[in-house]
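Here are some short exercises to work through with the model open beside you. Try each task before you read its solution.

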Amino acid sequence: MSRSSQGPHLPVVVRQSVVGFGVYARRCLKRNTRVGRIRGQIIDDVGYSSDYCMELGGSLSLEPSYPFRYLNHSCEPNCEIIQWEYEGNRSELWLHTRLPVEAGEELKIDYSWPAESAIPCLCGSPNCRGWIIDPIELPLIRA
Ligand SMILES: [Zn+2]
């Protein structure tokens with residue numbers, strides 16, 4: 001892994017978590033901090049799915065590379081992924097904090113999976129949906 005593609009300047013470290021690996025803050029981060037760009041392989045296949053892929057819209061998915069492929073889910077996450085669109089259908093994904101993060105705290109995002117992909121959630125947040133699922137699709141799984 002080259003220095004320029006995943007610089008050691010990123011304020012995160014990948015460590016063992018309760019669910020495999022997780023991404024942890026190396027220092028405290030303010031709300032709305034741009035943590036880093038999520039890089040990886042772009043896949044143009046509407047049927048593509050994997051444990052880590054992120055939808056980019058249309059038929060495009062991103063298979064994220066280290067370290068952000070290890071971002072875990074929370075129903076009340078401290079981070080979110082922002083998609084920046086550029087001309088020529090080019091876009092970049094960036095991880096931003098949406099809450100203040102302490103040094104050593106795990107960074108998490110809301111996976112918002114569709115109902116057919118949902119699995120039970122163990123995030124432990126007070127408002128846990130019980131499933132890793134898009135809140136809009138929650139009535140489908142309860143039905
Ligand atoms: Zn949850």
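**Exercise 1. Find the domains and say how far apart their centres lie.**

Start with the bounds: an automatic or database domain assignment splits the protein chain into domain 1 (12-111) and domain 2 (113-143). Next, take the centres over C-alpha atoms; they are 19 Å apart. Before going on, note that this is a predicted model, where local features need pLDDT of at least 70, side-chain atom pairs count only at pLDDT 80 or more, and totals for chains, interfaces and linings use all residues. Residues are numbered from 1 along each chain as its sequence is written, and side-chain values use heavy atoms, with hydrogens and water left out.

**Exercise 2. Describe how much area domain 1 and domain 2 bury between them.**

First look at contacts (heavy atoms within 4.5 Å): seven residues of domain 1 touch eleven of domain 2. Then take the buried area, the accessible area (1.4 Å probe) that two parts lose on being put together, summed over both. The result is about 800 Å², with 56% of it on carbon and sulfur atoms. Finally, on the domain 1 side, C75, E76 and Y111 supply 62% of the area buried against domain 2, more than any other three residues.

**Exercise 3. Which residue forms a salt bridge with D110?**

Apply the rule: a side-chain nitrogen of Lys or Arg within 4 Å of a carboxyl oxygen of Asp or Glu. The partner is R129, with the closest N and O atoms 2.5 Å apart. Across the interface of domain 1 and domain 2, the rule finds one salt bridge.

**Exercise 4. List the protein donors of the zinc ion and work out their arrangement.**

Search for donors (N, O and S atoms within 2.8 Å of the metal, or 3.2 Å for Na, K and Ca; water is not among the atoms, so sites may look incomplete). You should find the SG atoms of C75, C121, C123 and C128, at 2.3 to 2.4 Å from the zinc ion. Their spacing in sequence reads C-x45-C-x1-C-x4-C. Now check the angles: four donors count as tetrahedral if all angles lie between 85 and 135 degrees. Here the angles run from 106 to 112°, so the arrangement is tetrahedral.

Technical notes:
Tetrahedral: all angles 85-135°; square planar, octahedral: opposite > 155°, others 65-115°.
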